[in-house]
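Let's take a walk around the place where the ligand sits, starting with the space itself and then moving in to the atoms.

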Amino acid sequence: MMNKPFPENFMWGGAVAAHQVEGAWDKGGKGPSIVDVLTSGAHGVDRVITAEIQDDCFYANHEASDFYHRYPEDIALLAEMGFRCFRTSIAWSRIFPRGDEAEPNEEGLRFYDALFDELLKYGIEPVITLSHFEMPNFLVTEYGGWKNRKVLEFFVRFSAVVINRFQHKVKYWMTFNEINNQRNWKTPLFGYCCSGVIFTHEPNPEECMYQVLHHQFVASAQVVKLGHEINPALQIGCMIAMVPLYPFSCHPDDVMYAQEAMRERFLFSDVHMRGHYPAYILNEWQRKGYHIAMEADDAQILREGCADYIGLSYYMSNAVSKENAGSGTALSGFEGSVPNPHVKASDWGWQIDPVGLRYVLNILYERYEKPLFVVENGFGAIDKMDEKGEINDDYRIDYLRAHIEQMKKAVTEDGVDLMGYTPWGCIDCVSFTTGQYSKRYGFIYVNKNDDGSGDFSRSKKKSFDWYRRVIASNGEEL
Ligand code: BG6
């Protein structure tokens with residue numbers, strides 16, 4: 001039997017984040033952000049948080065892909081591919097350079113006005129993340145990042161300003177990108193990028209992580225509520241990194257261990273979508289003697305600010321085994337994870353598992369029955385130009401095709417309510433985990449290299465035309 005097609009209004013597009021593409025880190029009144037003091041690393045070489053900008057370090061995010069200056073050219077290319085939407089974020093430090101000012105920086109707001117106008121000119125719907133691994137550095141050095149409840153107020157102020165300003169240009173919003181990364185508190189990069197806190201420097205790192213999270217959950221709920229008051233037509237989602245953790249074996253201990261490990265993801269969707277803390281986390285806090293400071297009306301705010309949809313990233317699955325508990329906290333692994341013999345991995349060790357995408361869409365939809373939006377998926381790879389100057393990125397096409405096929409099954413066979421699909425890094429950009437240019441995801445190649453060389457010129461990869469056909473055929477021609 002033939003599958004039903006994707007819905008006609010399915011939002012095909014692509015995704016980036018402000019700090020990974022814009023560059024112009026100190027232009028237009030922008031203040032330094034936490035990423036502006038994060039050096040470039042490599043696979044196996046950690047990025048270093050230097051606190052201040054040091055002359056002898058390389059910070060790829062300072063120039064990134066120079067999107068700040070080249071967005072009209074880039075958006076024309078996205079329009080050529082037929083994009084129906086484009087996901088990016090607003091750099092908080094362009095709007096509030098220090099973060100605690102009473103008034104926003106008008107020049108920063110004007111940049112996003114112009115960017116959104118350019119997208120809308122082509123009928124491309126902006127999908128905007130409010131916090132994508134970027135906050136003013138001042139809020140970290142002076143306030144201690146999201147440990148401090150004052151940062152919650154500053155974030156809500158920033159969100160109110162941009163939602164008010166752009167409400168007629170941007171309908172789809174998300175609060176915190178991959179908010180659950182920091183649950184992996186042993187890896188400093190995750191806490192630092194999610195909330196400006198290095199948990200391993202804290203006396204009670206895990207408890208501190210939950211405190212930070214509480215502030216962000218409340219902030220997210222406040223923003224959802226406020227956004228709906230500003231304009232009831234707005235759709236405001238959460239955003240979760242959805243790496244499913246399979247039991248490595250059918251041994252009941254592995255199955256139970258995997259279920260417990262999945263709470264590291266579900267905690268986030270549970271609070272965002274149900275508006276309260278689930279029993280398993282309250283019990284964990286009690287068992288461990290954690291005290292998470294909450295204010296009297298926080299519970300009500302959480303209840304009243306449930307997200308409208310779940311945005312999720314999906315790159316890989318992992319398998320976990322009880323025997324391995326306590327190990328594997330590296331960037332490419334998770335606690336208790338073991339290599340899955342049934343799937344291959346990318347050069348960066350990310351395990352490629354298209355069926356896992358259908359699996360996560362189903363578990364999320366069964367659990368909440370709320371719309372889902374795959375706002376990241378993709379294949380980071382080293383692209384090489386051939387002698388004709390072409391990039392034949394068949395590996396990327398294969399990866400995306402296989403994932404779209406599974407996504408299609410989730411929609412057309414399983415009945416999942418899926419809003420759209422925005423593969424990551426549609427324009428080559430700086431890698432989050434490694435700070436490299438050479439870990440590329442794009443349909444559009446950006447001529448820039450890890451040593452800083454390159455002129456930022458753009459060219460189309462083979463996947464560019466392939467994805468154009470996918471969109472034009474509404475996912476029928478893969
Ligand atoms: C997600 C992030 O973790 O994955 C993006 O939301 C990131 O910011 C993407 O770039 C891919 O990760 P990386 O490390 O390959 O850039």
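First, a word on what counts as a pocket here: on a 1 Å grid over the protein atoms alone, a pocket is an open set of points with protein on both sides within 12 Å along at least five of seven lines. Keep in mind, too, that this is a predicted model.

With that in hand, look at the largest pocket, which has a volume of about 930 Å³. It is lined by 45 residues, and those closest to its centre are Arg 183, Asn 184, Glu 264, Arg 265 and Phe 334. Sorted by class, the lining comes out as 21 nonpolar, 10 polar and 14 charged residues.

Which helices should you trace to follow that lining? Helix H8 (205–230), helix H9 (252–274) and helix H10 (279–288) each put at least two residues into it. H9 gives the largest share, with seven residues.

Now bring in the ligand, which sits in this largest pocket. Around the ligand you'll find 14 residues, and the closest are Glu 178, Glu 376, Thr 433, Lys 439 and Tyr 441. By class, that shell has six nonpolar, five polar and three charged residues.

Zoom in once more, this time on oxygen atoms of the ligand. A polar side-chain atom of Glu 376 is 2.7 Å from a ligand oxygen, and for Lys 439 a polar side-chain atom also lies 2.7 Å from an oxygen atom of the ligand. His 132 joins in with a side-chain N or O atom 2.8 Å from a ligand oxygen. As for how much of the ligand is covered, the protein takes up 98% of the 380 Å² of accessible area that the ligand has on its own.

Terms used:
Residues numbered from 1 in each chain as written. Predicted model: local features only at pLDDT ≥ 70, side-chain atom pairs only at ≥ 80, totals over all residues. Heavy atoms only, no water. Near = heavy atom within 4 Å. Polar contact = N/O pair within 3.5 Å; in protein donor to acceptor, adjacent residues only side chain to side chain. Areas by Shrake-Rupley, 256 points an atom, 1.4 Å probe, with all protein chains shown as cover. 1 Å grid on protein atoms, 1.4 Å probe; cavity = no way out; pocket = protein on both sides within 12 Å on 5 of 7 lines; lining within 4 Å. Sits in = over half its atoms within 2 Å of the grid points. Nonpolar A, V, L, I, M, F, W, Y, C, P; charged D, E, K, R; others polar. Points joined across faces, edges and corners; volume = space filled by probe spheres on them. Helix = DSSP H or I, 4+ residues; strand = E, 2+ residues; numbered from the N terminus.
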